[in-house]
Each structure stands twice: as structure tokens, then as C-alpha cells.
Amino acid sequence: MNRLAGVTSPYLLQHADNPVDWWPWTPEAFEEARRRDVPVLLSVGYSACHWCHVMAHESFEDQETAAYLNAHFVGVKVDREERPDVDAVYMEAVQAATGQGGWPMTVFLTADAEPFYFGTYFPPEPRHGSPSFRQVLEGVHSAWTDRRDEVAEVARKIVRDLAGREIGFGDAQVPGEGELAQALLGLTRDYDAAHGGFGGAPKFPPSMAVEFLLRHHARTGAEGALQMAADTCERMARGGIYDQLGGGFARYSVDRAWVVPHFEKMLYDNALLCRVYAHLWRATGSDLARRVALETADFMVRELRTDEGGFASALDADSDDGTGKHVEGAYYVWTPQQLREVLGDEDAQLAADHFGVTAEGTFEEGASVLQLPQAEGVFDAARVESVRARLKASRDGRPAPGRDDKVVAAWNGLAIAALAETGAYFDRPDLVDAALGAADLLVRLHLDEHARLARTSKDGRAGAHAGVLEDYADVAEGFLALASVTGEGVWLEFAGFLLDHVLAQFTDEESGALYDTAADAEKLIRRPQDPTDNATPSGWSAAAGALLSYAAQTGSEAHRRTAERALGVVKALGPRAPRFVGWGLATAEALLDGPREVAVVGPADDPATRELHRVALLATAPGAVVAVGAADSGELPLLADRSLVGGAPTAYVCRNFTCDAPTTDADRLRAALGG
């Protein structure tokens with residue numbers, strides 16, 4: 001019997017009709033394996049994963065394969081986005097054993113959840129040196145039946161090896177000038193001067209490394225850091241990884257030049273990149289950065305906002321190509337003939353030239369991914385905008401990619417921060433309202449009476465799984481951004497509730513190291529702990545950043561001390577692997593800069609108050625925190641004992657326990673904040 005009906009995960013629901021007798025990750029599944037004396041097949045993926053869909057269609061929907069699996073295994077399906085702790089533990093084992101990892105992830109476990117055989121995608125027939133999935137099932141069954149002692153010893157050794165991987169960088173000193181300079185040098189060595197970004201193909205948007213580069217430039221004036229950030233952002237925005245019609249970024253580029261994306265669109269990528277482009281505009285005034293930040297924000301609100309006010313996780317890479325067949329990228333790509341059908345011959349030629357559509361195609365079967373290969377300004381802007389609008393209207397009539405409507409707390413926190421800041425920078429109160437709507441949903445639905453977070457929700461129903469460190473940290477980050485933008489103290493209070501849980505449940509008191517799961521969470525074969533940034537900031541570095549900002553807003557020594565101890569890992573990893581600890585490096589930049597604490601006091605309806613507040617928000621000083629409100633207001637701690645100077649709205653700037661003279665002059669405030 002398949003037991004996936006009624007769960008909140010869209011990925012699991014995609015498998016609810018499989019002939020495989022799937023179980024969700026529950027103690028009962030492992031009890032069943034023990035009762036039947038069979039191994040567990042753990043299959044981990046996520047809703048927008050292309051190869052997960054392929055393996056499901058080829059193997060999990062096949063009656064014969066399913067019958068064999070059901071007879072000899074207990075099948076357990078896990079949504080990695082819903083259970084990042086389970087995913088992290090077994091992905092670490094897969095990578096240690098095979099040297100690589102990815103999704104779908106296929107792991108065979110004992111009834112004690114100990115892994116003994118690993119893989120990712122297995123084809124239905126032997127291919128390119130890889131056994132078929134049926135051969136893998138038969139081989140594992142044979143080993144389980146005939147060589148059980150050997151299987152058990154392998155499982156025990158893997159668990160022992162994993163247990164020895166705990167990280168103890170909590171007591172290390174905070175990174176200083178030397179480590180951040182070495183990190184910059186490391187990024188420079190990995191930089192792709194021809195195409196922007198770092199490393200080769202496949203190439204992922206380096207949003208967190210770019211944030212570090214922007215902050216490093218703001219603090220030190222290093223022009224090379226700003227140039228790498230700006231050039232990378234421009235190349236991505238002109239490439240096929242960016243949706244030239246609808247805004248928003250795909251997950252990654254399969255080539256080093258950003259031409260052909262893997263077409264799934266994830267909330268977390270777009271939230272992080274929206275914020276990065278807004279910060280790039282803040283630093284440079286770039287029109288391109290402004291456009292991309294706003295288009296990406298509009299994409300999130302238009303296509304990912306749920307009826308409840310939160311933000312859905314992803315859009316699929318695949319969609320119906322018009323013939324009933326699901327094809328990767330079908331929604332996004334164009335042939336010259338399709339351009340002519342929509343635009344007519346003359347405008348089709350303009351579109352082909354402007355967007356890089358060729359007769360041979362840049363993707364598959366003669367289709368091209370739209371890019372901006374030539375400099376803007378070469379074409380008639382009004383005519384190009386007309387072409388873009390007509391293509392967008394035509395594309396809207398195509399079968400749309402599926403949407404994963406699951407609301408993930410952490411990713412919504414990232415979106416809240418991005419939309420709040422972008423709305424404030426560009427005078428878009430609708431974006432701030434969207435951020436407030438998502439924040440309200442998290443408070444109403446994800447937070448319980450003890451301020452504990454649920455990881456996910458769907459259709460207004462909270463999921464059963466507890467939040468992990470990144471949820472607490474990223475939601476706190478979003479709430480802190482809202483507090484700075486709106487001046488509403490309630491968001492600082494909620495951030496404090498969440499970060500108090502980080503101190504109590506996720507921090508090792510002796511070493512200062514952080515764990516990805518709470519002390520009272522479900523016990524796995526290893527308590528996951530990963531300080532490296534991947535597609536999103538690690539829970540470790542995100543927590544350090546939020547703790548530091550909260551400490552600056554409140555003066556809490558406990559939160560600042562925990563942030564500093566957590567940054568010890570950045571001292572160790574930053575010089576060696578800067579691409580994978582970008583958010584930690586960005587937080588270290590904020591620590592070296594103070595961070596600066598800005599209090600703006602004055603009547604909310606006074607234009608001078610609004611001007612000072614805007615100048616404070618647009619400050620490039622790394623990690624600067626902002627409080628705005630009436631004089632001597634109790635709304636936010638930074639406003640306490642702050643009064644007007646000469647009856648005029650006034651700004652106060654402090655850092656490292658030292659304050660500048662208060663000012664009523666926006667230009668003087670701008671100079672004090674590096675803006």
C-alpha cells in the first residue's frame with residue numbers, strides 16, 4: 001500500500017499513485033523493515049528535480065520494477081526540501097563513499113537507518129557503465145540475503161566514519177583582515193574573466209560570494225572586488241540563465257557562459273539574487289542592476305506567491321511542449337519560426353538579433369534560449385519593448401511549468417528580506433507589503449506558542465516537520481530587514497524569539513559550534529552540521545549573520561558573542577574555500593565594520609525623517625542596521641534616549657561602542673555611512 005496520500009509535500013504527492021508501496025520517513029517504516037527483515041530503499045528528491053521525474057517515470061511507475069522493490073525492500077520517499085536534515089546526513093555518506101552526489105539520491109539502509117549502498121540516478125537499462133536500477137535492486141537483495149555480516153560491517157563503518165566528522169571551529173578566533181584578503185585572492189584565482197562567475201561548467205549563481213565582494217569593496221575600497229561582482233551580475237543578467245521575458249533566474253547554467261540553464265526556478269535563488277542586484281544598484285547606481293532586481297521581485301510576487309501570502313518553493317524545469325510530452329525548457333525556448341508566427345518577419349528578425357535566436361539554436365532541436373548578447377542601446381528601445389511584450393503574451397498561452405506550492409520557512413525568510421529592501425530602495429510599497437504578507441503567514445502558521453518553527457506549510461496547513469537552523473536564521477534575517485524598513489518593533493521581537501532558540505537549541509555551549517538540527521530534534525545516525533554555503537547560506541553562517549544584526553539592534557552581548565564564535569569556521573575555511581563560505585565572509589565583513597548602528601528619530605510623516613531613513617537604508621557600510629521611529633520611542637532599542645536636535649529629525653550613528661555626533665543633515669549622514 002502506498003502511504004503518501006495526504007502528506008503536505010508536493011514531491012511526495014507526485015509519487016502517491018506509484019505502484020511502489022512508498023512510506024514517508026517515519027519510525028513505522030523502519031519497524032516494518034525490521035519485522036520483514038528486509039533493507040530500506042531511501043529515495044530522496046524534490047519537486048522541481050528533472051532527473052527525479054525521469055527515474056520516477058522509468059522505474060517507480062514500472063509495474064515489474066515496483067513489484068520486485070515491494071517484495072524485497074521497504075521503500076521510503078523523502079522530500080529533501082522538507083527534511084533537509086535527512087538529506088544532509090545521507091548525502092554526506094553518498095559523497096564520502098562515491099566522491100559525488102546529487103538528486104535523485106538512492107541509498108540502501110538497514111532497519112537501524114544505517115546506510116550501506118549508495119547512488120543517485122539509476123537508468124532502467126545498463127548505460128554508460130552504470131548498472132540498471134533492477135540490477136542494483138537484485139544485487140543489494142543478494143548481498144542482504146547471502147552476505148549479511150559483510151553488509152552490517154559496512155554500515156557500522158560508515159556510521160563510525162560519519163560520527164568522526166564533527167566540526168569544532170567554535171573556539172577559533174574571528175576572521176580578520178588577513179583571512180578576508182586571502183579569501184578575495186582565492187576568488188580572484190577562480191574568477192572566470194571571460195564570462196563572469198567562478199569555476200567552469202556547470203555554473204551556479206554565486207549570490208553569496210557576490211555579497212561578500214560588495215561588502216569588501218564598501219569596507220576597503222578594493223576596486224577588483226566590485227568589478228568581479230558587477231561583471232558577474234551583468235553576464236548572468238544578459239545570459240539565458242535569466243528569463244529575458246518574465247524575469248527571474250533559473251537554477252544554474254549547464255555551460256560556463258550562462259547560455260543554457262537548467263530551467264527550474266527556485267525561490268531561494270531568486271530571493272538571494274534579487275537582494276544582490278538591489279545591493280549592486282545601491283553601490284553603483286547601475287540601471288541594469290535596478291531593472292533586474294525589480295523584475296526578479298515582480299517575478300516572485302507574480303508567479304510564486306501563494307493564496308495564503310507565502311511564497312512557493314519552485315517552478316519545474318519541464319512543461320508540456322504542446323503535444324502532451326513534458327520537455328525540459330519547453331516553456332522558455334524559441335525557434336525562428338515561432339518568432340515569425342508571433343511577430344511577423346520584420347520584428348522576428350529584430351527579436352532574433354536582440355535575443356540571440358539562431359537557425360541552429362542554442363539549446364535542443366533548433367530552439368534557442370533568449371539572451372541579451374549585444375549591448376543595450378543598439379536597438380530601438382520602444383520597439384524592443386513591444387517585441388518583448390508580445391512574446392511574453394504569447395508565452396503566457398503555453399502550458400506553464402508545474403509549481404511546488406510548498407512554503408519553506410527559510411526560503412520565505414530570504415524572500416522577505418529581499419522584497420522589503422527592494423521595495424524600500426525603489427519606492428515600491430507593494431513589494432514591502434508582499435514581504436509583510438509572507439512574514440504574517442510565518443507568524444500565524446509556522447510559529448507555535450513556544451516560538452518554534454515548522455519547516456513547511458502547504459495550502460494553509462503547517463507541515464509536521466520541525467524547522468532546522470537555516471529556518472530560524474533566515475526567517476530572523478527577514479524579520480530584521482522588515483524592522484529596519486518599517487520601523488515596527490514587533491519584527492525585531494519575533495527575530496529575538498527565533499534567535500533565542502538558536503542559542504538554546506542549536507549551539508554547543510562549550511565550543512560555540514552550531515548544529516543544523518535542534519538538540520531535541522529526531523535523532524538520526526549523525527547530528528547534521530555543515531558550515532559551508534551551497535545553494536543557500538548554510539544555517540551556520542546565516543545564524544551568525546542574523547545574530548550579529550540582532551546584537552547590533554539590541555546591544556545583546558550573548559547574541560554577539562555567539563555570532564563571533566560561529567565565525568571561527570570562516571577564519572578556517574574562508575582562505576581555503578571562499579566560494580563555499582560566501583555568506584560567512586559577508587558576515588565577517590559586517591563584524592569588521594562594526595556593524596554600524598543607525599537610529600533615525602522624527603515624525604513618520606516628516607519628509608526629513610523619510611530622507612534620513614532612506615539614506616540610512618542605502619548605506620553601503622557592511623551589515624549596517626537601521627532603526628526609525630519617533631524620538632524617545634520604545635519601539636526599537638536603538639531609539640531609546642534619542643531626541644531631536646533643534647526640533648528637527650535626527651540621525652545617530654554608532655559602532656564599536658562609539659557614537660558620532662548626531663546630525664540632521666542627510667549628506668553628512670551619507671558620508672558617515674559610506675553611501
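## Helix α16 and the sheet

In this predicted model, helix α16, made of residues 429–446, lies across three strands: β12, β13 (456–458) and β14. Its direction runs at about 95° to that of β13.

Those three strands belong to an open sheet of five, arranged in the order β8-β9-β12-β13-β14. If you trace the sheet on screen, you will find that the pairing is antiparallel. Strands of a sheet pair through backbone hydrogen bonds, and the pairing can be parallel or antiparallel. The edges are formed by β8 (265–266) and β14 (461–462), each of which pairs on one side only.

## The β8 end of the sheet

Strand β8 is joined to β9 (residues 312–315) by two bridges, in the antiparallel sense. For a handy landmark, look at K265: its bridge partner in β9 is L315.

Another helix packs on the sheet here. Helix α12 (residues 287–304) touches β8, β9 and β12 (403–408), and its direction makes about 100° with that of β9. Strand β12 therefore appears in the contacts of α12 and also among the strands that α16 lies across.

## A pair of helices: α9 and α10

Two packed helices are described by the angle between their axes and the distance between the axes. For helix α9 (residues 207–220) and helix α10 (residues 223–238), the angle is about 145° and the axes are 8 Å apart. Their crossing is left-handed.

Which residues meet at this contact? From α9 come V210, L213, L214, H216 and H217. On the α10 side are E223, A225, L226, M228, A229, T232 and C233. By class, the contact has eight nonpolar residues, three polar and one charged.

## Two enclosed spaces

Rolling a probe the size of a water molecule over the atoms shows where empty space is left. Here the count comes to two cavities of 30 Å³ or more. The largest has a volume of about 120 Å³ and is lined by 16 residues. To find its centre, start from G240, Y242, D243, Y332 and V369, the lining residues that lie nearest to it. The lining as a whole has 10 nonpolar, three polar and three charged residues.

The second largest cavity has a volume of about 40 Å³. Its lining consists of S207, M208, E211, L272, R275, V276 and W583. Helices α9 and α11 (267–284) are the elements that give two or more residues to this lining. By class, the residues divide into four nonpolar, one polar and two charged. Helix α9 thus has a place both in this lining and in the packing with α10.

Key. Residues are numbered from 1 along each chain as its sequence is written. This is a predicted model: local features need pLDDT of at least 70, side-chain atom pairs count only at pLDDT 80 or more; totals for chains, interfaces and linings use all residues. Side-chain values use heavy atoms; hydrogens and water are left out. Two strands pair if DSSP finds at least two bridges between them. Helices (H or I, at least four residues) and strands (E, at least two) are DSSP runs, numbered from the N terminus. Contact means heavy atoms within 4.5 Å. Axes are lines fitted to C-alpha atoms, for helices over the stretch in contact, and angles run from 0 to 180 degrees between N-to-C directions. A crossing is left-handed if the near helix is turned anticlockwise from the far one by less than a right angle, and right-handed if clockwise. Ala, Val, Leu, Ile, Met, Phe, Trp, Tyr, Cys and Pro count as nonpolar, Asp, Glu, Lys and Arg as charged, and the others, Gly among them, as polar. On a 1 Å grid over the protein atoms alone, a cavity is a set of points where a 1.4 Å probe fits but cannot get out, and a pocket is an open set with protein on both sides within 12 Å along at least five of seven lines; lining residues have an atom within 4 Å of a point. Grid points are joined across faces, edges and corners, and a volume is the space filled by probe spheres set on the points.
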